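Biologist: I am new to this structure and would like a close look at a single part of it. Please start there and then show me how the surroundings connect.

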Amino acid sequence: MIGLPRGVTVYAFDEPCDMRKSFDTLAALVTERMKRAVITGDLFLFVGRDRRRAKVLYFDGTGMCLFAKRLEKGLFSAAWKRAKSQRGFEMTLSELALFIEGSEMATRMPLSPSLLSKADLRAKFPEQEALGS
């Protein structure tokens with residue numbers, strides 16, 4: 001997973017997956033069950049029922065890539081428990097990196113503050129409005 005652009009989205013499959021599946025059968029799950037196109041460059045996460053194995057499928061522009069990991073200790077979190085639909089759920093690359101390391105996803109926190117509206121700016125800096133700015 002070297003050199004992935006920041007705009008890539010990660011989609012986690014909505015239920016435990018048979019880890020014997022490989023390129024074509026995982027791509028079929030993406031297309032038929034998740035209703036997404038594999039060749040977009042997005043990443044697709046699958047976790048085994050025993051939660052010791054996970055696979056990430058993606059298209060790098062020249063072919064399909066499959067990253068697999070088996071934890072020697074501990075378990076992956078049950079990613080499918082966060083899914084609200086059969087299309088899975090979205091993760092960021094940072095969340096995927098933590099997930100692959102075996103971290104539990106407890107909650108999401110916004111990393112950047114929300115943008116202030118003009119009314120918020122005027123209320124926060126009334127002296128600037130008096131100067132004509």
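Which residue in β4 stands opposite Lys55?

Modeller: Ala68 is the residue in β4 that stands opposite Lys55. Keep in mind that this is a predicted model.

Start with the two strands. β3 covers residues 53–59, and β4 covers residues 64–70. They run antiparallel, and seven bridges join them. Together β3 and β4 form a hairpin, with four residues between the strands. Gly61 sits in that turn and has a positive phi of about 105°.

Now step back along the chain from β3. The loop between β2 and β3 holds Arg51. Arg51 has a phi near 65°, a positive value in a residue other than glycine. Most residues other than glycine have a negative phi. Arg51 has a relative accessible area of 23%, so the residue counts as partly exposed. At the other end of the hairpin, Arg70 forms a salt bridge with Glu72. Their closest N and O atoms are 3.2 Å apart. Glu72 is exposed, with a relative accessible area of 61%.

What packs against this hairpin? The buried residues of α1 pack against β3 and β4, and also against β2. In α1, the buried residues are Leu26, Ala27, Leu29 and Val30. Seen down the helix axis, these buried residues of α1 fall within an arc of 150°, so they line one face of the helix. An α-helix has 3.6 residues a turn, so residues three or four places apart point the same way. The face of α1 turned away from the buried side carries Asp24 and Glu32, which are exposed.

Follow α1 to its end. The helix runs over residues 23–33. Arg33, in α1, makes a salt bridge with Asp14, with the closest N and O atoms 3.9 Å apart. Asp14 lies in the loop between β1 and α1, so this pair ties together parts that are 19 residues apart in sequence. Arg33 is partly exposed, at 26% relative accessibility, whereas Asp14 is buried, at 14%. The cut-off for buried is under 20%, so Asp14 falls on the buried side.

Arg33 has another partner. Its side chain also meets that of Glu15 in a salt bridge, at 2.8 Å from N to O. This pair links Arg33 in α1 to Glu15 in the loop between β1 and α1, 18 residues apart. Glu15 is partly exposed, with a relative accessible area of 31%. Through shared partners, the salt bridges join Asp14, Glu15 and Arg33 into one network. Side chains of opposite charge can pair when their charged atoms come close. Across the whole structure, a search finds five salt bridges.

Just beyond the helix comes Lys35. Lys35 follows α1 and has a positive phi, near 55°. Lys35 belongs to the loop between α1 and β2. At 57% relative accessibility, this lysine counts as exposed.

Next, the interior. The largest nonpolar core has 17 residues. Those that touch the most other members are Leu43, Leu45, Val56, Met91, Leu96 and Phe99. At least two residues of this core come from each of β1, β2, β3, β5 and α2. A second, separate core has 13 residues, including Cys17, Leu26, Val30 and Phe44. In soluble globular proteins, nonpolar side chains tend to be buried together. Leu26 and Val30 also appear among the buried residues of α1.

One last stop is Thr9, in the segment before β1. Thr9 counts as buried, at 18% relative accessibility. Leaving out residues up to four places away in sequence, Thr9 touches Asp42, Leu43, Glu90 and Met91. Leu43 and Met91 are also named in the largest core.

To return to the hairpin: Lys55 and Ala68 stand opposite each other, in strands joined by seven bridges. The buried residues of α1 pack against both strands of the hairpin, β3 and β4.

Conventions: Residues are numbered from 1 along each chain as its sequence is written. This is a predicted model: local features need pLDDT of at least 70, side-chain atom pairs count only at pLDDT 80 or more; totals for chains, interfaces and linings use all residues. Side-chain values use heavy atoms; hydrogens and water are left out. A salt bridge is a side-chain nitrogen of Lys or Arg within 4 Å of a carboxyl oxygen of Asp or Glu. Buried means under 20% relative accessible area, exposed over 50%, partly exposed in between (1.4 Å probe, protein chains only). A nonpolar core is a set of buried Ala, Val, Leu, Ile, Met, Phe, Trp, Tyr and Cys residues joined through side-chain atoms within 4.5 Å. Two strands pair if DSSP finds at least two bridges between them. The arc is that of the directions from the helix axis to the C-beta atoms. Contact means heavy atoms within 4.5 Å.
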